Amino acid sequence: MRALCWNGVNDLRVETVPDPAIVNPHDAILRVSMSTTCGSDLHFIDGYIPTMRPGDVIGHEFMGEVVEVGPAVKKVSKGERVVVPSFICCGECFYCRHDLWSLCDNTNPNAEMQEPLFGYSTAGIYGYTHAFGGYAGSHAQYIRVPHADNDCFSVPEGLRDEQVLFLSDAGPTGYMGADFCALKGGETVVVWGCGGVGLMAQRSAYLLGAGRVIAIDRFPERLRMAHEHVGSETINYTEVESVTETLKEMTGGRGPDACIDAVGMEAHGTGVGYAYDRAKQALRLQSDRGEALREAITACRKGGTLSILGVYGLMDKFPIGSIMNKGLTVRSAQQHGQRYMQRLLDHAAKGELDPSFLATHRFSLEEAPRGYDMFKHKEDGCVRSVFVPN
Ligand SMILES: NC(=O)c1ccc[n+]([C@@H]2O[C@H](COP(=O)([O-])OP(=O)(O)OC[C@H]3O[C@@H](n4cnc5c(N)ncnc54)[C@H](O)[C@@H]3O)[C@@H](O)[C@H]2O)c1
Ligand SMILES: [Zn+2]
Ligand SMILES: [Zn+2]
């Protein structure tokens, strides 16, 4: 089959690779109908997250049609149209039973690669480094889905592929970020980043009761999208003296109740802190540029909630004193897609959530390297490049 492979830093190519096959009795094989880019991919494409190997098939946000099932698969059948969360989960371990799906203990065969940095390893994920399991990704004609009964969710009739695709990753990530804010109704929520994850966090904050959502980015098309599709108020951080001061003014001096980071380790910035981060990241003295996260911490009101969705490794000058002294509640995780999928499918079926506006650009699989290039450089207002492999 044809698949998009990582061959080195900033080197993606479409190649012919072996077709996936049933390896374990709980597996299913899907014919991928749609697959999309994620900001997390940029971290290893740019070389900031290690343990990729040349020839690895990338991609983790996808949906498709079941074409084959292993002998132990009971609930999923051939011909079914399904969407699959990006983290692979067994459904039976301590973490799966506690609804902490991205922490599944049984799906990362390379746990020892994460343990020196994290202490314990996360679940495995499709197409996302060997430290996260080394599974083949979804930018391919076919993909193997382990634990198919647990991880394949049937798509209700009447929903188009673009309306469902983002429930695999960006949708549940954003929803989880808003859920972490434990909203009671009427709160002010600020979201750093207007990529797919940030936009989904903003929409979810309204769905879960926020009175006001403020979105921060520097790309005018993305800010326009946040305003027009979600109803967020917006701040272009390159046009204000200080984001923290602007937020203070917008909230009567108190600061926002909850702050969501949907930026991650490749944050852009304007001040001296950004220059310092860039230099240290380039020299591999730290893995993260932390401008957005630091700002979210200092801007948050006393006793507020900080919800971290952006992916991070190691960061210098982390303002733990601000967290501690202001009594912030910090919530974070890789996305627990299996916890939220049914709720999101219900919202989509009722017309309350339609993430299809994220699909700004559509490509065949052969054109995928160009799709990543546009996504990475935010060319032509690209928010997500969508690939149709078959
Ligand atoms: N927790 C999870 O399970 C999970 C899932 C998916 C993605 N992620 C992470 O979420 C982050 C966002 O993903 P995405 O797909 O939306 O990425 P993206 O690259 O499309 O969007 C990131 C946005 O952040 C903006 N940004 C950069 N610096 C900023 C700053 N200082 N202030 C405000 N905005 C700034 C960029 O302009 C861009 O629009 C990434 O770090 C990704 O790895 C986490
Ligand atoms: Zn992702
Ligand atoms: Zn598990």
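How exposed is Arg 370? Arg 370 is partly exposed, at a relative accessible area of 42%, and the points below begin from this residue, with the reminder that the model is predicted.

1. Arg 370 and Glu 379. The side chain of Arg 370 meets that of Glu 379 in a salt bridge, with a distance of 3.2 Å from N to O. Glu 379 is likewise partly exposed, since its relative accessible area is 30%, and Arg 370 has the value of 42% already given. This pair belongs to a structure that holds 17 salt bridges, and a few others are taken up in the points that follow.

2. Arg 31 and Glu 65. A salt bridge joins Arg 31 to Glu 65, and their closest N and O atoms are 3.1 Å apart. The two residues come from distant parts of the chain, as Arg 31 sits in strand 3 (residues 28–36) and Glu 65 in strand 5 (residues 61–69), 34 residues apart. Arg 31 is partly exposed, with 29% relative accessible area, and Glu 65 also counts as partly exposed, at 28%.

3. Strand 3 and its partners. The strand that carries Arg 31 is largely enclosed by the rest of the structure, because 7 of its 9 residues are buried. Strand 3 pairs with strand 5 in the antiparallel sense over 8 bridges, and within this pairing Ile 29 stands opposite Glu 68. Strand 3 is also antiparallel to strand 9 (residues 142–145), with 4 bridges between them, where Ile 29 has Arg 144 as its bridge partner. A further antiparallel pairing, over 2 bridges, connects strand 3 with strand 18 (residues 384–388), and here Thr 36 stands opposite Val 386.

4. Asp 99 and Arg 339. These side chains meet in a salt bridge at 3.5 Å, N to O. Asp 99 lies in the loop between helix 2 (94–97) and helix 3 (111–118), whereas Arg 339 lies in helix 13 (residues 337–349), so the salt bridge ties together parts that are 240 residues apart in sequence. Asp 99 is partly exposed, with a relative accessible area of 31%.

5. A salt-bridge network. Besides the pairs described above, Arg 160, Glu 162 and Arg 362 are linked in a network of salt bridges.

6. The zinc site. The zinc ion (ligand 3) is coordinated through the SG atoms of Cys 90, Cys 93, Cys 96 and Cys 104, at 2.3 to 2.4 Å. The angles among the 4 donor atoms run from 104 to 117 degrees, and the site is tetrahedral. Along the sequence, the donor residues follow the spacing C-x2-C-x2-C-x7-C. Cys 93 belongs to the loop between strand 7 (87–88) and helix 2, and Cys 104 to the loop between helix 2 and helix 3, so that 11 residues separate the pair. Both are buried: Cys 93 has a relative accessible area of 7%, and Cys 104 has one of 1%.

7. The parallel sheet. An open sheet is formed by 6 strands in the order 13-12-11-14-15-16, with parallel pairing. Its edge strands, each of which pairs on one side only, are strand 13 (233–236) and strand 16 (329–332). From one strand to the next the twist averages 20 degrees. Within this sheet, strand 14 (residues 258–261) and strand 15 (residues 305–308) pair in the parallel sense over 4 bridges, and Thr 305 in strand 15 is the bridge partner of Ala 258.

How values were computed:
Residues numbered from 1 in each chain as written. Chains lettered and ligands numbered in written order. Predicted model: local features only at pLDDT ≥ 70, side-chain atom pairs only at ≥ 80, totals over all residues. Heavy atoms only, no water. Salt bridge = Lys/Arg side-chain N within 4 Å of Asp/Glu carboxyl O. Buried < 20%, exposed > 50% of the residue type's maximum accessible area, 1.4 Å probe, protein only. Donors = N, O, S within 2.8 Å, 3.2 Å for Na, K, Ca; no water. Tetrahedral: all angles 85-135°; square planar, octahedral: opposite > 155°, others 65-115°. Pairing = 2+ DSSP bridges. Axes fitted to C-alpha atoms, helices over the stretch in contact; angles between N-to-C directions.
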